Each structure stands twice: as C-alpha cells, then as structure tokens.
Amino acid sequence: LLASTLKERQWEARAQGELGLIAFLQGKSLKAGQLVGGALLSAIESGDVGAEIRYLELVGNGLEVQGRPADAQYFFDRAINVVKSCRDCGFPYMAYEGKGEALTALDKTEEARVVLTECLNTARRERRTGHAAQTLILLGKLSLKTGDTGEAINEMEEAAAVAGKFNYYRMDADDLFDLANIYEHRGDLAKAEKRTEAGPHEGMLLSGRYYLPRARTALAVRERCAGANRGAGCNY
C-alpha cells in the first residue's frame with residue numbers, strides 16, 4: 001500500500017511477489033502464481049534485475065513442487081544466465097539448488113552433482129550456512145538415488161548438524177525425517193529413533209499449511225519410533 005501511494009512501481013511489484021510467496025506457503029497456489037508471475041513480468045519491464053532473478057527462482061520452485069522439473073529447469077537456467085550478465089549480482093543459490101534438484105528428478109545425475117557441488121563449494125566459501133545445509137540435503141538425496149547410501153548418510157548428517165546449529169527448523173525437520181527413514185530401511189532402529197527424537201518440536205514443525213502433511217507425518221513417525229528399542233520398529 002505504501003509503495004502504491006508513493007508510486008514506487010518496482011517496490012510495489014516486489015511486495016506483490018512476496019505476498020505471492022506467503023500465499024504459496026498457505027496453500028493458495030493459483031493466487032501465488034498470479035502474484036509471483038505478475039511481479040516477474042513487472043521486474044523484466046522495469047529492469048529490476050534483482051527482482052527478476054528472485055522471481056525466476058520462485059517460479060521455478062513452484063513448478064518443481066508441482067512435479068514439472070523440465071519446466072522448472074528453464075526458469076532456473078534463465079535466472080543463472082541473468083546473473084552471469086550482471087556484474088554486481090551475487091551467486092544465485094536458489095537457482096543452483098533448484099536446478100540440481102530438477103536434474104536429479106530428470107535422472108541427469110552426473111549433471112546434478114556438478115551443479116550442486118559448485119553450489120556447496122560457493123556456500124562454504126561465502127559462509128552461507130543455510131544454503132550449505134540445503135545443498136547437502138539435495139546431494140544426500142542424489143546419492144541415495146544413485147545407490148550410494150553411505151555417502152547419502154554422511155551428507156545428510158552434516159546437513160542436520162548445520163541446520164540444527166543455526167536453527168533452520170523446517171530444513172532440520174525434513175532432513176532428520178529422511179535420515180530416520182534411511183536408518184529404518186537399513187534395520188538400524190536405534191538410530192532411526194534417535195533421528196526422529198532430535199527433530200524440532202511440534203510448533204516449529206507445523207508452521208505453514210503447505211508443509212503441514214509432511215510435518216504431521218514426521219510427528220507420527222516420531223511417536224511410532226518411540227518403541228523402536230522395544231522391538232516395535234518404525235512403520236514409515
């Protein structure tokens with residue numbers, strides 16, 4: 001409203017884009033698409049390069065969540081190309097993370113590892129702990145997909161350590177849930193129980209409607225795993 005009153009079109013568009021992100025987290029995908037898409041078009045028209053990169057990444061993320069990795073990759077690649085033509089733009093972490101995840105979904109595993117490794121190395125060098133943890137999770141899922149369970153555990157345990165240390169609650173919860181699943185399938189019920197118990201508490205897990213189903217599943221798993229050491233096992 002303030003940006004509109006002051007006739008600051010770029011800031012008005014950015015505000016609409018962020019409202020689109022909130023709508024997405026609330027499960028309002030149609031409204032989110034309209035707001036973020038409108039913000040992207042406005043950014044392109046006005047030459048707001050920073051906003052253009054951000055909303056290209058967000059559109060890509062939305063498509064990825066909808067199970068459209070090929071379409072998502074187009075937007076991630078475009079964001080990366082815009083950054084390459086911008087001298088003062090920082091590293092596009094979300095675009096690299098999204099592209100790596102999309103390539104994994106498309107079974108382009110070697111390309112995915114190259115992209116994600118570059119992202120991780122940059123995050124470590126720039127001390128971007130959140131992006132380092134997220135990239136480690138994606139590398140873990142990639143390793144799991146290619147059958148390297150041991151490496152997947154190493155990557156995801158490192159991600160859990162970083163996410164837990166810096167209080168990245170949702171990221172930590174997702175990672176610990178996946179780790180518990182891996183340990184359970186390996187027959188290590190004690191470690192599966194330990195990873196579920198290490199997760200953030202219920203209030204932190206249940207923030208945001210979009211993540212609610214997975215969060216409730218994680219909480220249910222935590223309850224079922226409480227009897228793992230008694231021989232009950234975890235029923236994922």
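Y168 is partly exposed in this predicted model, with a relative accessible area of 26%. Its ring has a partner in F166: the two ring centres lie 6.2 Å apart and the planes meet at 25°, so the pair is stacked. F166 is also a partly exposed residue, because its relative accessibility is 37%, which falls between the limits of 20% for buried and 50% for exposed.

Stacking is one way for two rings to meet, and another arrangement appears elsewhere in the chain. The count of aromatic pairs comes to four. Among them, Y74 and F75 are arranged edge-to-face, with 5.2 Å from centre to centre and 90° between the planes. Y74 has a relative accessibility of 48% and so counts as partly exposed. A further group of rings is made up of F91, Y93 and Y96, which form one aromatic cluster.

Two members of that cluster, Y93 and Y96, lead directly to helix 6, where both are among the buried residues. This helix covers residues 93–105, and its 13 residues reach 18 Å from the first C-alpha to the last, close to the 18 Å expected at 1.5 Å a residue. Helix 6 is mostly covered, with ten of its 13 residues buried. Besides the two tyrosines, the buried set includes A95, E97, G98 and K99, as well as G100, A102, L103 and T104. What do these buried residues pack against? Their neighbours are helix 4 (49–65), helix 5 (69–84), helix 7 (109–125) and helix 8 (129–145). Just beyond the end of helix 6, D107 adopts a positive phi of about 65°.

Stepping back to the whole protein chain, the model contains 13 helices and zero strands. Of its 236 residues, 43% count as buried. The chain exposes about 12,800 Å², and carbon and sulfur atoms supply 51% of that area. How far apart in sequence are the residues that touch? Among contacts between residues at least 6 apart, 50% join residues at least 24 apart.

It remains to ask how confident the prediction is. The chain averages a pLDDT of 84, and 81% of the residues score at least 70. Confidence is highest in helix 7, at 98, and lowest in helix 12 (residues 202–205), where the mean is 48. Where pLDDT is low, the predicted coordinates should not be read in detail. Helix 7, with the highest confidence in the chain, is also one of the helices against which the buried residues of helix 6 pack.

Note on methods: Residues are numbered from 1 along each chain as its sequence is written. This is a predicted model: local features need pLDDT of at least 70, side-chain atom pairs count only at pLDDT 80 or more; totals for chains, interfaces and linings use all residues. Side-chain values use heavy atoms; hydrogens and water are left out. Helices (H or I, at least four residues) and strands (E, at least two) are DSSP runs, numbered from the N terminus. The expected span of a helix is 1.5 Å times one less than its number of residues. Buried means under 20% relative accessible area, exposed over 50%, partly exposed in between (1.4 Å probe, protein chains only). Contact means heavy atoms within 4.5 Å. pLDDT is the predictor's confidence in each residue, from 0 to 100. Rings of Phe, Tyr and Trp (its six-membered ring) pair if their centres lie within 6.5 Å; planes under 30 degrees apart count as stacked, over 60 as edge-to-face and the rest as tilted. Accessible areas come from the Shrake-Rupley method with a 1.4 Å probe; for residues, only the protein chains shown count as cover.
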